Amino acid sequence: MRAAPRRWWGDAAGAAVASVVAGSLVACGIPADSQPQAIARKDIPFDLLAPSTTIAGPGVPGPRVPVSVYLVGITGLVPVSRGVRAPATLPESLGALLAGPTDTEVADGLRTAITAQTSVSAGPVGFGVGTVDLGGAFGQVGGQEQILAVAQLVFTATGVPGIAKVQFTLAGRPVEVPAGDGTLTQGPLGRSDFPSLGR
């Protein structure tokens, strides 16, 4: 005979809990829709629509940091931001440069003078000089396009902490490349060797 009051108490308690939960959902602003609903762009918080300067590569764990790679614009080199694995190193920065411009950047008039057939690898860094080993079709490009390609590599590499100049090599040996005025040199090049292309 005492079972009936307990069931009533259980039913009453369940109803009270359901009422509190429903009230909490309403109070929190959670809609009671039975299906997902599209959210109007004007209702999305501004921060969620802002572009991110850090691009997380799929399947690559670990923190990422922004670096600047340099593309060719109408009047010279233009820095654009890329995300690479931390810490930013010469191989990471060169890899980001060789990936080329995004569709948006191409639409904005940016391009790269480094052809898809060019191979570039990072060598040792010491005394403020980073080594960039060239290969593939790099030697097949000449004139102003080769100057632009060398400048892109120099500006991007010297954005890496500890690198002020770049020594270019071919199969591990110093190779002549053009400075900004077209003069061929085997010596290390810095940004000041391309005064008309950027800072």
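## Helix 3 against helix 5

The axes of helix 3 and helix 5 come within 10 Å of each other and cross at roughly 140 degrees. That angle makes helix 3 oblique to helix 5. The crossing is right-handed. This is a predicted model.

Helix 3 brings Leu 90, Ser 93, Leu 94 and Leu 97 to the contact. Helix 5 answers with Gln 152, Leu 153, Thr 156 and Ala 157. By class, the contact has five nonpolar residues, three polar ones and no charged ones.

## The nonpolar core

In soluble globular proteins, nonpolar side chains tend to be buried together. Here, the largest nonpolar core has 38 residues. Those touching the most other members are Leu 134, Val 150, Leu 153, Val 154, Phe 168, Leu 189 and Phe 194.

Several elements each supply at least two residues of this core. The strands are strand 1 (64-72), strand 2 (77-85), strand 4 (129-136) and strand 5 (165-170). The helices are helix 3 (90-98) and helix 5 (143-157). Helix 5 gives the most, with nine residues.

## Around Leu 134

Setting aside neighbours within four places in sequence, Leu 134 is in contact with Leu 153 and Phe 168. Its other contacts of this kind are Ser 119, Val 120, Thr 169, Leu 170, Ala 171, Val 175 and Val 177.

## A buried glutamate

Glu 92 is found in helix 3. Is Glu 92 buried or exposed? It counts as buried because its relative accessibility is 19%, and the cut-off for buried is under 20%. Not counting residues up to four places away in sequence, Glu 92 touches Val 84 and Arg 85.

Methods
Residues are numbered from 1 along each chain as its sequence is written. This is a predicted model: local features need pLDDT of at least 70, side-chain atom pairs count only at pLDDT 80 or more; totals for chains, interfaces and linings use all residues. Side-chain values use heavy atoms; hydrogens and water are left out. A nonpolar core is a set of buried Ala, Val, Leu, Ile, Met, Phe, Trp, Tyr and Cys residues joined through side-chain atoms within 4.5 Å. Buried means under 20% relative accessible area, exposed over 50%, partly exposed in between (1.4 Å probe, protein chains only). Helices (H or I, at least four residues) and strands (E, at least two) are DSSP runs, numbered from the N terminus. Contact means heavy atoms within 4.5 Å. Axes are lines fitted to C-alpha atoms, for helices over the stretch in contact, and angles run from 0 to 180 degrees between N-to-C directions. Angles under 35 degrees count as roughly parallel, over 145 as roughly antiparallel, 65 to 115 as roughly perpendicular and the rest as oblique. A crossing is left-handed if the near helix is turned anticlockwise from the far one by less than a right angle, and right-handed if clockwise. Ala, Val, Leu, Ile, Met, Phe, Trp, Tyr, Cys and Pro count as nonpolar, Asp, Glu, Lys and Arg as charged, and the others, Gly among them, as polar.
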